[in-house]
Amino acid sequence: MSAAQVSVDRGRCIGAGMCALTAPEVFEQDVDDGRVLLLQAEPTAAHRAAARMAAGVCPSGAITLSGPQSGGS
């Protein structure tokens, strides 16, 4: 099975911070402009569900996930 891939569009990000709150192991907020910073482009199985949830709650749709749909355990 291939790894889940996460990508972010910093130009689309509005700095709401939902990603960093939902999946702090995968996302962080830039201290200068508040926009998303990607910490793990291929989140571990333990962090995939949180990364997928963060993409779902992002108000600007700046986060994209591709690859396995399962959250892993």
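In the predicted model, the side chains of Asp30 and Arg10 meet in a salt bridge, with an N to O distance of 3.7 Å. Because Asp30 lies in the loop between E2 and E3 and Arg10 in the loop between E1 and H1, this pair ties together parts of the chain that are 20 residues apart in sequence. Asp30 itself is placed between strand E2 (27-29) and strand E3 (36-38), and it counts as buried because its relative accessibility of 17% falls under the 20% cut-off. Arg10, by contrast, is partly exposed, with a relative accessible area of 26%. When neighbours within four places in sequence are left aside, Asp30 is in contact with Arg10, Arg35 and Leu37.

The structure holds 3 salt bridges. Arg10 also meets the side chain of Asp33 in a salt bridge, at 3.0 Å from N to O; as Asp33 lies in the loop between E2 and E3 and Arg10 in the loop between E1 and H1, the pair ties together parts that are 23 residues apart in sequence. Asp33 further forms a salt bridge with Arg35, for which the closest N and O atoms are 2.9 Å apart. Arg10, Asp30, Asp33 and Arg35 are thereby linked in a network of salt bridges. Within this network, Asp33 is partly exposed, with a relative accessible area of 36%, and Arg35 likewise counts as partly exposed, at 28% relative accessibility, whereas Asp30 counts as buried. In general terms, side chains of opposite charge can pair when their charged atoms come close.

With regard to the overall fold, the secondary structure of the chain comes to 2 helices and 4 strands, which follow the pattern β-α-β-β-α-β when read along the sequence. Strand E1 (residues 5-8) and E4 pair in the antiparallel sense over 4 bridges, and the bridge partner of Ser7 in E4 is Thr64. Among the contacts in the chain with a separation of 6 or more, 57% are accounted for by residues 24 or more positions apart. The two faces of E4 are distinguished by their cover, Ile63 and Leu65 forming the covered face and Thr64 and Ser66 the uncovered one.

Of the 73 residues of the chain, 33% count as buried. The largest nonpolar core contains 14 residues, of which Val6, Cys19, Phe27, Ala51, Ile63 and Leu65 touch the most other members. Helix H2 (45-57) and strand E4 (63-66) are the elements that give two or more residues to this core, and the largest share, 3 residues, comes from H2. Both residues of the covered face of E4, Ile63 and Leu65, are thus named among the core residues that touch the most other members. Cys19 touches Pro24, Phe27, Val36, Ala54 and Ile63, when residues up to four places away in sequence are not counted.

At the surface, the accessible area of the chain comes to about 4,100 Å², of which 53% belongs to carbon and sulfur atoms. A nonpolar patch is formed there by Met18, Leu21, Met53 and Val57, which together have about 390 Å² of accessible area. The elements that give two or more residues to this patch are helix H1 (18-22) and H2. Met18, which lies in helix H1, counts as partly exposed, with a relative accessibility of 34%. Helix H2 therefore contributes both to the nonpolar core and to the nonpolar patch on the surface.

Definitions and conventions
Residues are numbered from 1 along each chain as its sequence is written. This is a predicted model: local features need pLDDT of at least 70, side-chain atom pairs count only at pLDDT 80 or more; totals for chains, interfaces and linings use all residues. Side-chain values use heavy atoms; hydrogens and water are left out. Buried means under 20% relative accessible area, exposed over 50%, partly exposed in between (1.4 Å probe, protein chains only). Contact means heavy atoms within 4.5 Å. Accessible areas come from the Shrake-Rupley method with a 1.4 Å probe; for residues, only the protein chains shown count as cover. A nonpolar core is a set of buried Ala, Val, Leu, Ile, Met, Phe, Trp, Tyr and Cys residues joined through side-chain atoms within 4.5 Å. Patches are made of residues with over 30% relative accessible area and no salt bridge: like charges are joined within 9 Å, nonpolar side chains (Val, Leu, Ile, Met, Phe, Trp, Tyr) within 5 Å. A salt bridge is a side-chain nitrogen of Lys or Arg within 4 Å of a carboxyl oxygen of Asp or Glu. Two strands pair if DSSP finds at least two bridges between them.
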